[in-house]
Amino acid sequence: MERLLKDYAYYLKMERRMSPNTAASYTSDIKGFFADCGTAPRDVGREDVRDWLAERAGKVSKRTQARELSALKSFFDYLILEGERNDNPCDGMESPRIGRHLPDVLSVEEVDRIMESVDCSSAKGLRDRAILEMLYGCGLRVSEAVGLKISDVFLKEGFVRVIGKGDKQRIVPLGEVAADYFTRYLECRPAEEGAEYADTAFLNRSGRPLTRVYVFNMVKTQAVAAGISKNISPHTFRHSFATHLIENGADLRVVQEMLGHESILTTGIYTHISSATWQAAVLEHHPRNHKG
């Protein structure tokens with residue numbers, strides 16, 4: 001089983017191009033299922049899956065349930081590809097309905113207050129301010145921020161090359177404010193602990209990469225310092241970035257590309273745009289919807 005899970009994890013990363021975090025979650029879900037089920041992968045039946053999911057329903061959220069079912073479907077599809085099974089016991093099973101969850105959005109004034117709350121008289125402060133400017137100015141995910149490479153920030157050209165989910169690349173414009181604080185941070189950036197961190201942008205005092213947990217805690221701390229009572233996280237800056245762009249007239253497709261979304265429906269959700277709004281825009285401009 002351990003070997004099978006290792007091969008499955010490799011398949012998720014290399015063939016499905018899943019992020020390391022998603023692949024780890026899927027692998028953990030599969031490991032949990034078989035620890036509870038006690039049935040060999042070839043012999044798992046539909047009732048085994050139904051019983052396990054029903055038992056999990058009282059313990060985890062609907063979002064987690066949906067992910068677990070997705071992981072199971074993926075795993076048994078993998079077994080079919082490997083010739084270990086002829087069917088997928090999860091076929092036809094529906095995921096629990098998950099309502100749209102839109103996190104709090106910061107106003108431009110609230111963003112300014114959080115930025116100004118950072119004490120930039122120290123190297124740590126300049127680093128934290130640079131991270132916040134990148135989160136908001138470029139719409140980065142927290143994983144993209146902590147994994148940012150110096151060589152991917154093109155200060156003179158004014159853009160950032162972002163390696164997002166599934167190792168997909170996108171290009172995001174770099175504003176003057178974000179570029180200025182990033183430059184100031186580089187001037188006092190601590191020496192990296194090892195050569196493998198020489199190109200890592202954001203380092204801690206020991207010269208090692210920052211963790212996602214640190215950025216989460218830092219954002220919470222600065223929100224309190226700025227007197228912001230909203231429940232925010234690093235992702236709030238990404239969400240606010242997209243919302244403010246749309247409110248100021250940016251094209252939805254452009255925002256989609258900058259966020260790295262495969263589907264414009266996802267972008268519509270992130271930017272609070274109802275389906276009726278963008279559908280109307282499409283119908284208005286489509287040549288086949290106008291009579292000559």
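Eight aromatic residues come together in one cluster in this predicted model: Tyr8, Tyr11, Phe33, Phe34, Trp52, Phe75, Phe76 and Tyr78. Across the structure, counting rings of Phe, Tyr and Trp whose centres lie within 6.5 Å, there are twelve aromatic pairs. Two of the pairs are set out here.

| Pair | Geometry | Centre to centre | Angle between the planes |
|---|---|---|---|
| Tyrosine 8 and phenylalanine 75 | edge-to-face | 5.2 Å | 85 degrees |
| Phenylalanine 33 and tryptophan 52 | edge-to-face | 5.3 Å | 90 degrees |

Let us take the pair of tyrosine 8 and phenylalanine 75. Tyrosine 8 belongs to helix H1 (residues 2-14) and phenylalanine 75 to helix H4 (residues 62-81), so this pair ties together parts that are 67 residues apart in sequence. Tyrosine 8 is buried, at 0% relative accessibility. Phenylalanine 75 is buried as well, with a relative accessible area of 0%.

Next comes the pair of phenylalanine 33 and tryptophan 52. Here phenylalanine 33 sits in helix H2 (residues 20-37) and tryptophan 52 in helix H3 (residues 46-57), so the pair ties together parts that are 19 residues apart in sequence. Both phenylalanine 33 and tryptophan 52 are buried.

Helices H2 and H4 also meet directly. Their axes come within 9 Å and cross at roughly 85 degrees. Because angles of 65 to 115 degrees count as roughly perpendicular, H2 is roughly perpendicular to H4. On the H2 side, the residues in contact are Ser25, Tyr26, Asp29, Ile30, Phe33 and Phe34. Their counterparts in H4 are Arg67, Glu68, Ser70, Ala71, Leu72, Ser74, Phe75 and Phe76. Members of the aromatic cluster, including Phe33, Phe34, Phe75 and Phe76, thus appear in this contact list too.

Now for helix H5 (residues 108-116), where Glu110, Val111, Ile114 and Met115 are buried. Viewed down the axis of H5, the buried residues fall within an arc of 140 degrees, so they line one face of the helix. What do the buried residues of H5 pack against? Their partners are helix H6 (123-137), helix H9 (212-225) and helix H10 (234-247).

The strands are worth a look as well. Strand E1 (residues 153-154) and E2 run antiparallel, joined by two bridges. One bridge partnership links phenylalanine 154 with phenylalanine 159 in E2. The hairpin of E1 and E2 has four residues between the strands, and in this hairpin glycine 158 takes a positive phi near 80 degrees. On to E2 and strand E3 (residues 169-173): these run antiparallel and are joined by five bridges. Glutamine 169 in E3 is the bridge partner of isoleucine 163.

Which residues of strand E2 (residues 159-163) lie on its covered face, and which on its uncovered one? Val160 and Val162 make up the covered face, while Phe159, Arg161 and Ile163 make up the uncovered one. The background is simple: in a regular strand the side chains alternate between the two faces of the sheet.

Finally, consider serine 143, placed in helix H7 (residues 142-146). Serine 143 counts as partly exposed, at 32% relative accessibility. Serine 143 and proline 234 are 91 residues apart in sequence, yet their C-alpha atoms are 9.7 Å apart in space.

Note on methods
Residues numbered from 1 in each chain as written. Predicted model: local features only at pLDDT ≥ 70, side-chain atom pairs only at ≥ 80, totals over all residues. Heavy atoms only, no water. Phe/Tyr/Trp six-rings, centres within 6.5 Å; stacked < 30°, edge-to-face > 60°. Buried < 20%, exposed > 50% of the residue type's maximum accessible area, 1.4 Å probe, protein only. Arc of directions from axis to C-beta. Contact = heavy atoms within 4.5 Å. Pairing = 2+ DSSP bridges. Axes fitted to C-alpha atoms, helices over the stretch in contact; angles between N-to-C directions. Parallel < 35°, antiparallel > 145°, perpendicular 65-115°, else oblique.
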